[in-house]
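Please look over the sequence and the model shown here. A short report on selected features comes after them.

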Amino acid sequence: MKARNLFLTSSTLFLLYCLLRFPQELLQKAIESVNLWFQLVLPSLFPFLTATGILIRLGVAHKFGQLFQPFMQPVFHLSGICAFPLILGMISGYPSGAKITVTLCQKKALSPKEAQRILAFCNNPGPLFVVGTAGTAFLKNPALGYFMLFCIFAGAIATGLFFGFFYKKTNIAANSASYAISVTEPTGKILSDSVADAMETVTQIGGFIILFGVIIEALQQTGIMLLLTQFFCGILPLSSAAVAGILGGILEMTNGASLLSQAPEPTQIQLVCITAILSFGGLSILAQTLGILSPLSISSIKYIFSKGINSIFSALVCFFCYPIFQEKLIKAVSVSSFPTKTASYPYFSFSFFFLLFSLFLLSCHHQK
């Protein structure tokens, strides 16, 4: 506890010093982070979180669990309702898997032990970010984005199987059954609670985006990032650009993936490093996720460890599968340019129609 307090105190003092020493640079970075949150994260993530909140409160997650119970129980030793955060977390990206898990746990549909276990592999980057941003915008080849997406999802499933070996089969249907009976909230309360919950989560995410954007800029302005890059260049058999990308990705995955895509390493090494970073999420995503998990008695150490295992599995899948698909990936049509912003528009459309579908179910619930 003392070590943690000492670290937080020294980090805060360092940030305050940088804010006074480099006010213009850090202010500009904060403005860029606000624009990133307002233009991309808010319009895409808010409708999706609202919709999932409505579906959970209507009991759709319970029916979802009944459908996937024959698969989740023997494979992962988890209740079927865990498939709801797993699948939607893969579709929507960080940190939706964690948020859905927290909501289910608060609704008594999941036990804290099950929540800890499903969090090991349900919180992943979304397809539109991996394919649209990392593959198309950074690497100029959508096929590489789809390949990384396959590796990330395969790594997540492998992580679930890996941790499933350490748990015995148990009777875990009680929580889901009790939850199914308790869905009696009025329509107005379901809608208002879902909107308020989603807005609180998205606002918290925006705060972490701004904070870590400023921290990264402070490390660059003080030269600490350059010193770390030079140090690890003497240890790792990689170029300085690749090392800078890995260090940047540990802090924030988008910046790291962008730097790695410009590194002179072979395509296989680039893909392995980017896949590992996206699967891990970086400290920024970890902070966002741990903030969302704060209402639960979840072990932060276990979650971070599980994300590390997830990252390793994804990187291994990428490394060993690349030679199999190398010829097809190289022959795939590359693109000359692809604005990063456009990746959010299809996702916003999907989230919007998903919200409309949830509202339709809510109206049916009200009529019933």
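The report goes through the cores, a packed helix, a surface patch, the cysteines and some backbone details.

This is a predicted model.

**Nonpolar cores**

In soluble globular proteins, nonpolar side chains tend to be buried together. The largest nonpolar core here has 70 residues, and the members that touch the most other members are F84, L104, F121, F147, L271 and L278. Helix 8, which covers residues 142-164, gives the most to this core, with nine residues. Another core lies apart from it and has nine residues, including V41, L42, V202 and I209.

What does F121 touch, not counting residues up to four places away in sequence? Its contacts are F76, L78, L86, A156, T159, G160 and N310.

**Buried positions in helices**

Helix 13 runs over residues 253-261, and its residues M253, G256, A257, S258, L260 and S261 are buried. Which helices do the buried residues of helix 13 pack against? They pack against helix 7, helix 12 (240-251), helix 14 (267-280) and helix 15 (282-293).

A serine in another helix can be described in the same way. S194 lies in helix 10, which spans residues 187-221. Is S194 buried or exposed? S194 counts as buried because its relative accessibility is 1%, and the cut-off for buried is under 20%. Leaving out residues up to four places away in sequence, S194 touches T50, G53, I54 and R57.

**A nonpolar patch on the surface**

I312, L316, F319 and F320 make a nonpolar surface patch of about 410 Å². One of these residues, I312, is found in helix 16, which covers residues 300-331. I312 counts as partly exposed because its relative accessibility is 49%.

**Cysteines**

A disulfide is a covalent bond between the sulfur atoms of two cysteines. How many disulfides are counted in this model? The count comes to zero. C105 is in no disulfide, and the nearest cysteine sulfur, that of C82, is 10.0 Å away. The cut-off for a disulfide is 2.5 Å between the sulfur atoms, so C105 and C82, at 10.0 Å, do not form one. C105 is buried, with a relative accessible area of 8%. C18 is also buried, with a relative accessible area of 0%.

**Backbone details in loops**

The peptide bond from Y94 to P95 is cis, with omega near -20°. P95 is found in the loop between helix 4 (83-92) and helix 5 (96-106).

K108 and K140 each have a positive phi although neither is a glycine. The table sets out their values.

| Residue | Phi | Loop | Relative accessible area |
|---|---|---|---|
| K108 | about 65° | between helix 5 and helix 6 (112-122) | 58%, exposed |
| K140 | about 60° | between helix 7 (127-138) and helix 8 | 32%, partly exposed |

Why does K108 count as exposed? K108 counts as exposed because its relative accessibility is 58%, and the cut-off for exposed is over 50%. K140, with a relative accessible area of 32%, is partly exposed, because that class lies between under 20% and over 50%.

Technical notes
Residues numbered from 1 in each chain as written. Predicted model: local features only at pLDDT ≥ 70, side-chain atom pairs only at ≥ 80, totals over all residues. Heavy atoms only, no water. Patch = residues over 30% accessible without salt bridge, like charges linked within 9 Å, V, L, I, M, F, W, Y side chains within 5 Å. Areas by Shrake-Rupley, 256 points an atom, 1.4 Å probe, with all protein chains shown as cover. Salt bridge = Lys/Arg side-chain N within 4 Å of Asp/Glu carboxyl O. Helix = DSSP H or I, 4+ residues; strand = E, 2+ residues; numbered from the N terminus. Buried < 20%, exposed > 50% of the residue type's maximum accessible area, 1.4 Å probe, protein only. Contact = heavy atoms within 4.5 Å. Core = buried A, V, L, I, M, F, W, Y, C linked by side-chain atoms within 4.5 Å.
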